[in-house]
Amino acid sequence: MLGKFFRKPEAELSDRVPPGQHLAKGFPVLTYGETPNISQDKWQLKVWGLAKPITFNWLDLMAMPQNHFKADFHCVTRWSKLDVQWTGVKVIDLMAHVELDPKAIHIMEHCYGGYTTNISLSDFLREENFFAHTLFDEPLPYNHGGPVRLVVPHLYAWKSAKWINGLEFLDNEELGFWERNGYHKRGEPWSEERYGSI
């Protein structure tokens, strides 16, 4: 299995591949439950909680500054893919349209299909994070989270919620689906924050 789908990282990649990870030869798809099939014209991203309610649609997203990103992608199931190429909108550019209550310090990410995952506001509002709609110059496939997913390169990939459709701003930390089921509350790869933080 290791040789067919994964390989051990070379020593010169030790600064890019976190401990316990192997490099994927393809781009694996791991999903819990059914794969939502949401068209671009039906997609929405709703903001609520400790923020002025606002809903973004596909045209709103496309009207924001578009950027190309190259980012390494680390899955908690011990595989990594380097130099993944995306196109999308920086989190900070979208958040320029959101009025936050100063008490907001955490976020619950909501997705089509009912999946949730939590993230701190400080982990969310980083320059390198983005909402992706394109993968390797093609529209983001449904099985990789299309039409839009969040990408948070510095945390394990379950924090990069697929099929994202909501940001709920909170004044305290609440746990999402995998966090309630034994995954780490934060999920930082270099510290191997995989499981058991509750």
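Colleague: Leaving aside its neighbours within four places in sequence, which residues is Phe124 in contact with?

Modeller: This is a predicted model, in which local features need pLDDT of at least 70, side-chain atom pairs count only at pLDDT 80 or more, and totals for chains, interfaces and linings use all residues. Residues are numbered from 1 along each chain as its sequence is written, and side-chain values use heavy atoms, with hydrogens and water left out. Contact means heavy atoms within 4.5 Å. With those neighbours set aside, the partners of Phe124 are Val91, Met95, Ile107, Ile119, Asn129, Phe131, Leu150 and Leu167.

Colleague: Which helices and strands each supply at least two residues of the largest nonpolar core?

Modeller: A nonpolar core joins buried Ala, Val, Leu, Ile, Met, Phe, Trp, Tyr and Cys residues through side-chain atoms within 4.5 Å, and buried means under 20% relative accessible area with a 1.4 Å probe and protein chains only. The largest such core has 37 residues, of which Leu94, Phe124, Phe131, Leu167 and Phe169 touch the most other members. Helices (DSSP runs of H or I, at least four residues) and strands (runs of E, at least two) are numbered from the N terminus. At least two core residues come from each of β3 (44-49), α2 (58-63), α3, β7, α4 (121-124) and β12 (164-170).

Colleague: How many residues does the other core have?

Modeller: This core lies apart from the largest one. Its members include Ala24, Phe130, Ala132 and Leu135, and its residues number 15.

Colleague: How many residues apart are Lys52 and Glu99?

Modeller: A salt bridge is a side-chain nitrogen of Lys or Arg within 4 Å of a carboxyl oxygen of Asp or Glu, and the whole structure holds eleven. One of them joins the side chains of Lys52 and Glu99 at 3.8 Å, N to O. Lys52 sits in the loop between β3 and β4 (54-57) and Glu99 in the loop between α3 and β7, so the pair links parts of the chain whose separation is 47 residues.

Colleague: Is Glu99 buried or exposed?

Modeller: The class exposed begins over 50% relative accessible area, with partly exposed lying between that and buried. Because its relative accessible area is 52%, Glu99 is exposed.

Colleague: Are Lys159 and Glu179 buried or exposed?

Modeller: These two residues form a salt bridge, their closest N and O atoms being 2.7 Å apart. Lys159 lies in the loop between β11 (149-151) and β12 and Glu179 in helix α5, so the pair ties together parts 20 residues apart in sequence. As to accessibility, both Lys159 and Glu179 are buried.
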